[in-house]
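Here's a quick tour of a protein model, with an eye on strand pairing and charged side chains. Have a look before reading on.

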Amino acid sequence: MEYAPLLFTRAESEDLFSQLLATTPWQQDEVVIFGQRRILSRKVAWMGDAGFTYSYSGTSKTASPWSPALRLIRERVEQQCAHRFNSCLLNLYHDGSEGMGWHSDDEKTLGRNPVIASVSLGAERIFKLKHRKSGEVVSVLLEDGSLLVMKGETQHHWVHTMPKTKKVNTPRINLTFRTFLD
Ligand SMILES: O=C(O)CCC(=O)C(=O)O
Ligand SMILES: [Mn+2]
């Protein structure tokens with residue numbers, strides 16, 4: 001796991017945040033939990049190269065084309081990681097009442113040891129990883145404009161979460177760049 005606090009300057013990230021907020025085709029997320037369909041207040045979008053369908057917690061989505069803001073972010077991330085990405089999942093957390101439960105990004109179509117590059121814009125939030133066997137928990141503060149890269153066997157051995165918190169009352173956008181295999 002690698003963390004870079006300032007992939008984007010404060011000014012860049014402010015500008016990118018408002019562009020993404022305005023131009024992203026945000027959808028209300030839906031998940032199936034114990035066989036029941038639930039609407040989440042977090043908003044999501046799925047962007048990528050043409051023709052991708054992504055299945056995620058029981059629903060499937062087709063990728064929208066890259067927006068100019070997201071294309072720019074992708075280029076910076078690809079330079080930093082020396083890795084190409086063909087898709088990105090965007091999450092909009094309106095405030096600390098919205099989060100994401102424990103999971104790993106282990107969809108089969110990502111391959112065995114995926115590189116997942118996570119860009120954070122807006123409110124700082126704590127991100128946690130937990131080792132499946134030992135139970136060890138690692139907390140990382142994901143700052144505005146930062147990049148967190150998970151790779152190698154991370155998804156086999158660790159689950160991760162974006163916990164809800166009462167301390168945050170401003171929005172955050174998270175982008176996870178992923179590479180789906182053909
Ligand atoms: O918001 C985050 O930092 C985590 C997002 C995440 O884990 C995911 O989209 O799979
Ligand atoms: Mn994840």
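What follows covers one sheet and then the salt bridges of this predicted model.

Let's start with the sheet. Its four strands run in the order β7-β12-β9-β10, the sheet is open, and the pairing is antiparallel. β7 (100–103) and β10 (137–142) each have a single partner strand and sit at the edges, so one side of each has no neighbour in the sheet. On average, neighbouring strands here are turned by 15° against each other, ignoring direction. For β7, the partner β12 (residues 158–162) is joined to it by two bridges, and H103 has H160 as its bridge partner in β12.

Now for the charges. Searching the whole structure turns up seven salt bridges, including these:

| Pair | Closest N to O distance |
|---|---|
| D144 and R10 | 3.1 Å |
| E78 and R84 | 3.2 Å |
| R178 and D105 | 3.8 Å |

The D144 and R10 pair links distant parts of the chain: D144 is in the loop between β10 and β11 (146–150), R10 is in helix α1 (residues 10–23), and 134 residues separate them. D144 is buried at 13% relative accessibility, while R10 is partly exposed at 48%.

With E78 and R84, E78 is buried at 12% relative accessible area, whereas R84 is exposed at 56%. Both also belong to a network of salt bridges that links D49, R74, E78 and R84.

How about R178 and D105: buried or exposed? R178 is buried, and D105 is too.

Definitions and conventions. Residues are numbered from 1 along each chain as its sequence is written. Chains are lettered from A and ligands numbered from 1 in the order in which they are written. This is a predicted model: local features need pLDDT of at least 70, side-chain atom pairs count only at pLDDT 80 or more; totals for chains, interfaces and linings use all residues. Side-chain values use heavy atoms; hydrogens and water are left out. Two strands pair if DSSP finds at least two bridges between them. Axes are lines fitted to C-alpha atoms, for helices over the stretch in contact, and angles run from 0 to 180 degrees between N-to-C directions. A salt bridge is a side-chain nitrogen of Lys or Arg within 4 Å of a carboxyl oxygen of Asp or Glu. Buried means under 20% relative accessible area, exposed over 50%, partly exposed in between (1.4 Å probe, protein chains only).
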